[in-house]
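Me: I would like to learn how to read helix packing and a ligand shell from a model. Please take the features one at a time.

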Amino acid sequence: MTILIPLLAAGAAVLIGTVTLLYIHAPKTLYSSEAAHQHRLLPILASLRTRPLGSKLSLHRRTLDSNTIRNSSHKSSYSYFPVDLSSFHHILEINPSGGYVLCEPGVPFGDLLRELLKVGMTTLVVPELPGITVGGAIAGGGLESSSHRYGQVSDTVLELECLTPDLRVCSPSVDPDLFYAISASYNTVALMTRVKLQIARAPAYVSLQAERYSSFSSAVAALQSSTSDTVEGIAYSSTDILVVRGTHTSTPRSPIRRFSRHWDKWYYKSIHSQLAMTVPYADYCFRYNYGSFWMANYVLDMLGGDNLFTRFMVGSFLDTKHLFAVLHSSDLTDLGRMRVIQDFYVPAEKAVEFLEEAEREVGVYPLWLCPIKGTSTGQLLASHHSTAEKQFINVGIYGRPRQFPFNPQTLHSKLIDLLIQSGGRSMLYAQTWHSPEQFQAMYGEALKAVEGVRRSYGEEGCFFGLYEKVGLSERDRDELGRPMRGSEAEETRKVVRDILGKKLGLW
Ligand SMILES: Cc1cc2nc3c(=O)[nH]c(=O)nc-3n(C[C@H](O)[C@H](O)[C@H](O)COP(=O)(O)OP(=O)(O)OC[C@H]3O[C@@H](n4cnc5c(N)ncnc54)[C@H](O)[C@@H]3O)c2cc1C
């Protein structure tokens, strides 16, 4: 009897554990009907009717898989009213002849592209990281190497269903001011519940041809003049810059390279040594997934260098899904002290000046350079809002500054001032270092206009303000101003331990 009880308890624990694991890892059903979608909306609408007056609607998302890496202090506000849209991750209809896909905002682009490719289709803009969701790309920002032609993901949206908190459907012809104001509003104007996106025929391959430039001015000129299907730049230093043009094709014209297996050599290194290659389309779209562009390279360096053996052994831990999970379970403040992670949309005519200043003040390499077509639609908060003819260069700075340790406030403030002088804007997915005055200079006019839209469609004050949501709180700012707890090597080792421990399920 004395033995039986612990045995039964252990058996029950194993059973509960197994069922829980099976539930967690069970494949999500990707498809759903419109009727089921409407059914999922019912409890959300019911909960909105009971919410306290003055509360602020905000998306409740399991943060481990979010690609957003800023602190979320607003969620500790007493007025935060979480809206759980975690079950809104279904594809409702793929209509190749109609040229659209209808889906819920929680569908990650990795899943969406896989399903679209089964019928030979793709969205016009596929953000580079497979975990970015349709909703996150519209309410945040979603760009890629086809953005010189199509702009951001938000420029390819045909219709939105959303909560303001009333349920509404808007499009470029129905309530266009609301429709456009949602773009890059970071859930401060409405909560999207269904999205209709443009789709087109997908190519089998992208044939890449890279050109080498030795100055920012020649590289930026090349980026601006490109008419190829895709174009992007990678600056390995201020004098070693590649401009990579891609052409959609059904037949390989150069050696085939792949980037979707964890042992594949990472794209940014491959293209540096092999200037011509043909890449299967899906591998091309998510070519920066392993290594998260280049940010995880230091892990390979620590493990004895980048080679087939190290990639084979640890590469599967170094995709963005695992890297973001680790980031979100570690202290984002440590990240802010150790790395600069920002995307700056700079008007193309000011890009060289900006890059030269970034070289002096930051010295992070590689840099990602991605041209984007501007928009003159009512996407007032979007970083590429301007005129349809205007071009921006997105400067992606992801890495360790040359001067280390560094003061993040001083460094970011200088870059933000320069951006304001250039007439550019930053994306707001990362830590937002703008002072209230800098934020006002960058977004003031747009925020005033968007406030009018919020008033005409929603209840007064039922969403957070943009700065309230994305700005760093005083407490976070103070914390980030303090020096790192350990040396750089110790901090880095902690990150690696986190990755391995998480993967092996040790903690
Ligand atoms: C290292 C790094 C590299 C990056 N590179 C790229 C890149 O190459 N291309 C690119 O496009 N982007 C890139 N991003 C940025 C990324 O696209 C944005 O962070 C994007 O917003 C993240 O999407 P998510 O699905 O993870 O969104 P989440 O983190 O879930 O949400 C992002 C924002 O959108 C809001 N939101 C989400 N769903 C809804 C909804 N249903 N209704 C209303 N609001 C909603 C959230 O409240 C939040 O404010 C990069 C980010 C990092 C950290």
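Me: At what angle do helix H7 and H14 pack, and how far apart are their axes?

Reply: Keep in mind that this is a predicted model. Helix H7 (residues 216–224) packs with H14 at an angle of about 140 degrees, and the axes are 9 Å apart.

Me: Which orientation class does that give H7 and H14?

Reply: Angles over 145 degrees count as roughly antiparallel, and those outside the parallel, antiparallel and perpendicular ranges as oblique. H7 and H14 are therefore oblique to each other. The crossing of H7 and H14 is right-handed.

Me: Which residues make the contact between H7 and H14?

Reply: H7 contributes Phe216, Ser217 and Val220, while H14 contributes Ala351, Val352, Leu355 and Glu356. Sorted by class, the contact of H7 with H14 has five nonpolar residues, one polar and one charged.

Me: How do helix H14 and helix H15 pack, in angle and in distance between axes?

Reply: The angle between H14 (residues 351–361) and H15 (residues 408–422) is about 170 degrees, and their axes are 11 Å apart. Since the cut-off for roughly antiparallel is over 145 degrees, H14 and H15 are therefore roughly antiparallel to each other.

Me: Which residues of H14 and H15 meet?

Reply: On H14 they are Phe354, Glu357, Ala358 and Glu361; on H15 they are Leu411, Lys414, Leu415, Leu418 and Ser422. The class count for the contact of H14 with H15 is five nonpolar, one polar and three charged residues.

Me: Now the ligand. Which residues of the shell come nearest to it?

Reply: A shell is read first by its nearest members, then by the elements that supply it. There are 30 residues around the ligand, and Pro127, Gly135, Gly136, Gly140 and Tyr429 come nearest. Helix H4 (134–139) and strand S8 (191–201) are the elements that give two or more residues to this shell. The largest share, four residues, comes from H4.

Me: How do the residues of the shell around the ligand divide into nonpolar, polar and charged?

Reply: The shell has 16 nonpolar residues, 11 polar and three charged.

Me: How many helices and strands does the chain have?

Reply: The chain contains 19 helices and 16 strands. It has 507 residues, of which 43% count as buried.

Me: What share of the contacts in the chain with a separation of 6 or more comes from residues 24 or more positions apart?

Reply: Sequence separation is the quantity to read here. Residues 24 or more positions apart account for 74% of those contacts.

Terms used. Residues numbered from 1 in each chain as written. Predicted model: local features only at pLDDT ≥ 70, side-chain atom pairs only at ≥ 80, totals over all residues. Near = placed C-beta within 6 Å. Nonpolar A, V, L, I, M, F, W, Y, C, P; charged D, E, K, R; others polar. Buried ≥ 20, exposed ≤ 12 C-beta atoms within 10 Å, placed from the backbone. Contact = placed C-beta atoms within 7 Å. Axes fitted to C-alpha atoms, helices over the stretch in contact; angles between N-to-C directions. Parallel < 35°, antiparallel > 145°, perpendicular 65-115°, else oblique. Left-handed = near helix turned anticlockwise from the far one by under 90°.
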